[in-house]
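Trainee: I'd like to go through this one and ask where each label comes from. Can we take the labels one at a time?

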Amino acid sequence: MITHDDIFQECENLKQVDLVEGPIHETIAALQLEEWRNDMNEEIGSINQILPTVSAGDGYNYVGEFDEGEKAQAVRTWIRSVLRKIVHYQAEHQRLLDEQVETTLQLALPQDIVMNNVLPFLELP
């Protein structure tokens with residue numbers, strides 16, 4: 001993780017982050033609504049709009065003040081935003097699935113079986 005604000009100091013060429021294929025892309029692809037998938041993909045790509053516009057810092061200036069730059073802070077903020085959104089959409093995805101399962105079961109099974117046996121089983125601890 002990015003632990004220091006000056007980690008990208010003087011890295012003027014850091015203008016793009018490519019998120020490597022893996023679990024986050026699989027999670028996004030599995031989201032139920034296209035709107036959610038599009039929003040997540042836009043959020044992932046947003047860092048590439050931000051990085052070219054923030055300072056990389058240039059160490060100590062002529063009066064002895066230290067300029068650590070803003071790139072590390074921008075990347076940390078972006079990571080938090082991506083994680084916050086994916087957690088939100090995963091919860092919404094699960095809620096929709098639970099509603100669909102409940103509706104399907106209520107139509108397919110007698111009401112007393114659904115209420116007494118199936119729905120309690122589907123609830124999270």
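Mentor: Sure, pick a pair to start with.

Trainee: Why is the meeting of the Asp-39 and Lys-85 side chains called a salt bridge?

Mentor: Check the distance: N to O is 3.1 Å for Asp-39 and Lys-85. The label asks for a side-chain nitrogen of Lys or Arg within 4 Å of a carboxyl oxygen of Asp or Glu, so this pair gets it. As background, side chains of opposite charge can pair when their charged atoms come close.

Trainee: What should I know about the model itself?

Mentor: It's a predicted model, where local features need pLDDT of at least 70 and side-chain atom pairs count only at pLDDT 80 or more, while totals for chains, interfaces and linings use all residues. Residues are numbered from 1 along each chain as its sequence is written, and side-chain values use heavy atoms, with hydrogens and water left out.

Trainee: How do you know that the Asp-39 and Lys-85 pair links distant parts of the chain?

Mentor: Asp-39 sits in helix α2 (residues 34–50) and Lys-85 in helix α3 (residues 71–108), 46 residues apart. Helices are DSSP runs (H or I, at least four residues), strands are too (E, at least two), and the numbering goes from the N terminus.

Trainee: What makes Lys-85 partly exposed?

Mentor: Lys-85 has 25% relative accessibility. Buried means under 20% relative accessible area, exposed means over 50%, and partly exposed is in between (1.4 Å probe, protein chains only). At 25%, Lys-85 therefore counts as partly exposed.

Trainee: Which other side chain meets Lys-85 in a salt bridge?

Mentor: Glu-43 does, at 3.3 Å, N to O. Glu-43 lies in helix α2 and Lys-85 in helix α3, so this pair ties together parts 42 residues apart in sequence. Asp-39, Glu-43 and Lys-85 are thus linked in a network of salt bridges.

Trainee: Is Glu-43 buried or exposed?

Mentor: Glu-43 counts as buried, because its relative accessibility is 14%.

Trainee: How many salt bridges does the structure hold?

Mentor: The structure holds 4 salt bridges. One more for your list is Glu-92 with Arg-95, at 2.9 Å, N to O. Those two both lie in helix α3, 3 residues apart, about one turn of the helix. Glu-92 is partly exposed because its relative accessibility is 22%, and Arg-95 lands in that class with a relative accessible area of 37%.

Trainee: Why is the aromatic pair of Trp-36 and Tyr-89 called stacked?

Mentor: The structure holds 1 aromatic pair. For Trp-36 and Tyr-89 it's 5.3 Å centre to centre, with 25 degrees between the planes. Rings of Phe, Tyr and Trp (its six-membered ring) pair if their centres lie within 6.5 Å; planes under 30 degrees apart count as stacked, over 60 as edge-to-face and the rest as tilted. So 5.3 Å makes Trp-36 and Tyr-89 a pair, and 25 degrees makes that pair stacked. The pair links distant parts of the chain, with Trp-36 in helix α2 and Tyr-89 in helix α3, 53 residues apart.

Trainee: What makes Trp-36 buried?

Mentor: Trp-36 has a relative accessible area of 9%, so buried is the right word. Tyr-89 is buried as well, at 11% relative accessibility. Buried residues in α2 include Met-40, Ile-44 and Ile-47.

Trainee: How do you know that the span of α2 agrees with what it should be?

Mentor: The expected span is 1.5 Å times one less than the number of residues. For the 17 residues of α2 that gives 24 Å, and the end C-alpha atoms are 25 Å apart, which agrees. There's also a kink of about 30 degrees in α2, centred on Ile-44, where the bend is the angle between axes fitted to the seven residues ending there and the seven starting there.

Trainee: Why does Lys-71 count as buried?

Mentor: Its relative accessibility is 2%, so Lys-71 counts as buried. Lys-71, found in helix α3, touches residues including Phe-8, Cys-11, Leu-14 and Leu-51, where a contact means heavy atoms within 4.5 Å. Phe-8 lies in the segment before α1 (23–30) and is partly exposed at 22%.

Note on methods
Lists of a residue's contacts leave out its neighbours within four places in sequence.
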